[in-house]
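Good morning, everyone, and thank you for making the time. I would like to walk you through one structure slowly, and I ask you to keep it in view while I talk.

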Amino acid sequence: NINGVRMSNNLSFNINLIVAHKLEATPLIRHFKLRALTQRPYQVFTNGQGLRLIISGMGVRNTVSAVKYISEYQSCEPYLKEGWVNAGIAGHKTADLGICFLANKILHQETGEVYYPSLHMGIKSTEMLITVDKPERSYAQEAAYDMEAAGFFKSAAECSEIELISTVKVVSDNESNSIDAITEGLINDLMLETIDFLESVIDEFKERLNTLNRILILEQDCMDLTRNLHFSVSQHHQFRKYCQRYHALGKEDELDAILRIKQNSARVLLHKLSDALVIQAH
């Protein structure tokens, strides 16, 4: 049923935190009250309410593998979307230590590939982020540097929507503060500085996921009710648009009633859905 259990107001969808190192992850695990879920091949933690954290290991390849692993570790329907956040420390040419930011542009130095993450309302602190293969010491550009974001973004974009992928970093070193001076205590303190940023992103992702996945669930339920009909590609596209339109109008009951009447063809069904919308408009 379109208005059944799956359309409950208590829907909970996964948001995945990808963190390179245990030292970066520990403050987040404590703050979000995450508990161990798996130890091998990756350490994965969860709060049982949709938030998961995986420790990927450093570097692009490790990050890509970790995203692939956690994306296959589905606890919800495979057609639903999840949120993805890469969090950790980064160097910067001039920014002060402790400055938190969202990546507004990610450049993979090795390949030259460039990615443009979706930004978030209310967060004004953004920086260009360059992903390098080894710790950056020269800070050639007025930008931030890390070792994971490009791999994270590219692989996460294969699993979800760009609007559900974000990179949150905190400055840990710069031209005046050597990367060699980073200590465990400093990493802990710096990651605590990211909490407000992370909570803001997570809250926004929850809203986006709630909206997007409700539509995806509705579409899936609609397809289940019309399994006996053959849709062409264009008809399927039109059918999805009608389902979304009924949802936007709060007319799921009317949609459900139409879909439960046996139709001779997809074309006839689309005409009935269209005619009902025209009648409602008047």
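What follows is a tour of some helix contacts, a pocket and two details of the backbone. Please keep in mind throughout that this is a predicted model.

Let me begin with the helices towards the end of the chain. Helix α5, which covers residues 195-225, and helix α7, which covers residues 252-259, have axes that come within 10 Å and cross at roughly 20°. Because angles under 35 degrees count as roughly parallel, α5 is described as roughly parallel to α7. The crossing of these two helices, α5 and α7, is right-handed. If you want to find the contact on the screen, look for L218, C222 and L225 on the α5 side, and for E252, L255, D256 and L259 on the α7 side. Sorted by class, the residues in this contact of α5 with α7 are 5 nonpolar and 2 charged, with no polar ones.

Now, α7 has another partner to look at. The axes of α6, a helix spanning residues 233-248, and α7 come within 8 Å of each other and cross at roughly 140°, and α6 and α7 are therefore oblique to each other. On the α6 side the contact is made by F239, C243, Y246 and H247, while α7 contributes E252, E254, L255, I258 and L259. By class, we have 6 nonpolar, 1 polar and 2 charged residues in the contact of α6 with α7. You may have noticed some names coming back, since E252, L255 and L259 of α7 take part in the contact with α5 and also in the contact with α6.

Let us move to an earlier part of the chain. Helix α1 (22-31) and helix α4, residues 184-193, have axes that come within 8 Å and cross at roughly 45°, and that angle makes α1 oblique to α4. This crossing of α1 and α4 is right-handed. Here L23, E24, P27, L28 and R30 from α1 meet E184, I187, N188, M191 and L192 from α4, and the residues of this contact divide into 6 nonpolar, 1 polar and 3 charged.

One residue of that contact, E24 in α1, leads us to the next topic, which is the largest pocket. Which residues lie nearest the centre of the largest pocket? They are E24, M58, I89, M147 and I179, out of 21 residues that line it. The volume of this pocket is about 370 Å³. The elements that give two or more residues to its lining are α1 and the strands β5 (83-92), β9 (144-146) and β10 (165-173), and the largest share, 3 residues, comes from β5. In terms of class, the lining of the largest pocket holds 13 nonpolar, 3 polar and 5 charged residues.

I will finish with two details of the backbone, both of them in loops. In the loop between α1 and β2 sits K33, whose phi is near 55°, a positive value in a residue other than glycine. Further along, in the loop between β2 (35-38) and β3 (43-46), you will find P41, and the peptide bond leading from R40 to P41 is cis, with omega near 0°.

How values were computed: Residues numbered from 1 in each chain as written. Predicted model: local features only at pLDDT ≥ 70, side-chain atom pairs only at ≥ 80, totals over all residues. Heavy atoms only, no water. Axes fitted to C-alpha atoms, helices over the stretch in contact; angles between N-to-C directions. Helix = DSSP H or I, 4+ residues; strand = E, 2+ residues; numbered from the N terminus. Parallel < 35°, antiparallel > 145°, perpendicular 65-115°, else oblique. Left-handed = near helix turned anticlockwise from the far one by under 90°. Contact = heavy atoms within 4.5 Å. Nonpolar A, V, L, I, M, F, W, Y, C, P; charged D, E, K, R; others polar. 1 Å grid on protein atoms, 1.4 Å probe; cavity = no way out; pocket = protein on both sides within 12 Å on 5 of 7 lines; lining within 4 Å. Points joined across faces, edges and corners; volume = space filled by probe spheres on them.
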